[in-house]
Amino acid sequence: QVQLVESGGGLVQAGGSLRLSCAASGRTFNSYAMGWFRQAPGKEREFVASINWSGANTYADSVKGRFTISRDNAKNTVYLQMNSLKPEDTAVYYCAAGLTSSLVPGDFRSWGQGTQVTVSS
């Protein structure tokens, strides 16, 4: 099991940018697929982006062209660069680790505590 800690959330105006980080414990980080999910109040947790061990990534249609997921295996960290933010991006963002890259929350074994992102209009 890997332990995950997110950081980098905050309040930003529409059109602005934020970079989320997710630091992982453990010596097998580079073998995990990593994902970012988000959950807005009253809504289900939804897929944002994922990246597998080799760096291949997948994005939700709602964030394509605006968000970029990346990983630094030497630092056991995965990032989510978020540009051109919109009020509808407001949510708690969660980092997750799993054995395969997936769009399904249930396929990920380990989760961070979440970090709040609020985009004002």
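Mentor: A definition comes first: the rings of Phe, Tyr and Trp (its six-membered ring) pair if their centres lie within 6.5 Å. The model discussed here is predicted.

Trainee: How many aromatic pairs does this rule count?
Mentor: The rule looks at the distance between ring centres, with 6.5 Å as its limit. By this rule, the number of aromatic pairs is 5.

Trainee: How is the aromatic pair of F37 and W111 classed?
Mentor: A pair of aromatic rings is described by the distance of the centres and the angle of the planes. For F37 and W111 the centres are 5.1 Å apart and the planes make 55°. Planes under 30 degrees apart count as stacked and those over 60 as edge-to-face, with the rest called tilted. The pair of F37 and W111 is therefore neither stacked nor edge-to-face but tilted.

Trainee: How far apart in sequence are the parts that F37 and W111 tie together?
Mentor: F37 belongs to strand β4 (residues 33-39). W111 belongs to strand β10 (residues 108-111), so the parts tied together are separated in sequence by 74 residues.

Trainee: Is F37 buried or exposed?
Mentor: A residue is buried when its relative accessible area is under 20%. F37 has 0%, so F37 counts as buried.

Trainee: What does W111 count as in terms of accessibility?
Mentor: Buried means under 20% and exposed means over 50%, with partly exposed in between. W111 has a relative accessibility of 27%, so W111 is partly exposed.

Trainee: What kind of pair do the rings of F108 and W111 make?
Mentor: The centres of these two rings are 6.4 Å apart. Their planes stand at 65°, so the pair of F108 and W111 is edge-to-face.

Trainee: Which residues do ring pairs link into a cluster?
Mentor: F108, buried at 5% relative accessibility, is one of them. In full, the ring pairs link F37, F47, Y94, F108 and W111.

Trainee: Which residue has its charged end over the ring of W111?
Mentor: This is a contact between a charge and a ring, with the charged end 4.8 Å from the ring centre. The ring of F29 also has a charged end over it, that of R71, at 4.6 Å from the centre. Over the ring of W111 sits the charged end of R45.

Trainee: Which residues form the disulfide, and how far apart are their sulfur atoms?
Mentor: A disulfide is a covalent bond between the sulfur atoms of two cysteines. The structure holds 1 disulfide. C22 and C95 form it, with a sulfur-sulfur distance of 2.1 Å.

Trainee: How many residues separate C22 and C95 in the chain?
Mentor: C22 is in strand β3 (residues 18-24) and C95 is in strand β9. Both C22 and C95 are buried. The pair links distant parts of the chain, and the separation is 73 residues.

Trainee: What is the handedness of the link between C22 and C95?
Mentor: The angle to look at is the one about the S-S bond, which is -80°. With that angle the link of C22 and C95 is left-handed.

Trainee: Where is N76 found?
Mentor: N76 is not a glycine, yet its phi is positive, about 55°. At 18% relative accessibility, N76 counts as buried. It is found in the loop between β7 (67-72) and β8 (77-82).

Trainee: What does S84 count as in terms of accessibility?
Mentor: S84 also has a positive phi without being a glycine, at about 50°. Its place is the loop between β8 and β9 (91-98). With 42% relative accessibility, S84 is partly exposed.

Trainee: Which residues does S25 touch, not counting residues up to four places away in sequence?
Mentor: S25 lies in the loop between β3 and β4. Its C-alpha atom is 6.7 Å from that of L4, a residue 21 positions away along the chain. Leaving out residues up to four places away, S25 touches V2, Q3 and N76.

Trainee: How many helices and strands are in the chain?
Mentor: Read along the sequence, the pattern is made of β elements throughout. The count is 0 helices and 11 strands.

Trainee: What is the radius of gyration of the chain?
Mentor: For 121 residues the globule rule gives 14 Å. The chain comes close to that value, so it is as compact as a globular protein of that length; its radius of gyration is 13 Å.

Notes. Residues are numbered from 1 along each chain as its sequence is written. This is a predicted model: local features need pLDDT of at least 70, side-chain atom pairs count only at pLDDT 80 or more; totals for chains, interfaces and linings use all residues. Side-chain values use heavy atoms; hydrogens and water are left out. Helices (H or I, at least four residues) and strands (E, at least two) are DSSP runs, numbered from the N terminus. Buried means under 20% relative accessible area, exposed over 50%, partly exposed in between (1.4 Å probe, protein chains only). A disulfide is a pair of cysteine sulfur atoms within 2.5 Å. A charge sits over a ring if NZ of Lys or CZ of Arg is within 6 Å of the ring centre and within 35 degrees of the ring normal. The radius of gyration is taken over C-alpha atoms; the globule rule is 2.2 Å times the number of residues to the power 0.38. Contact means heavy atoms within 4.5 Å.
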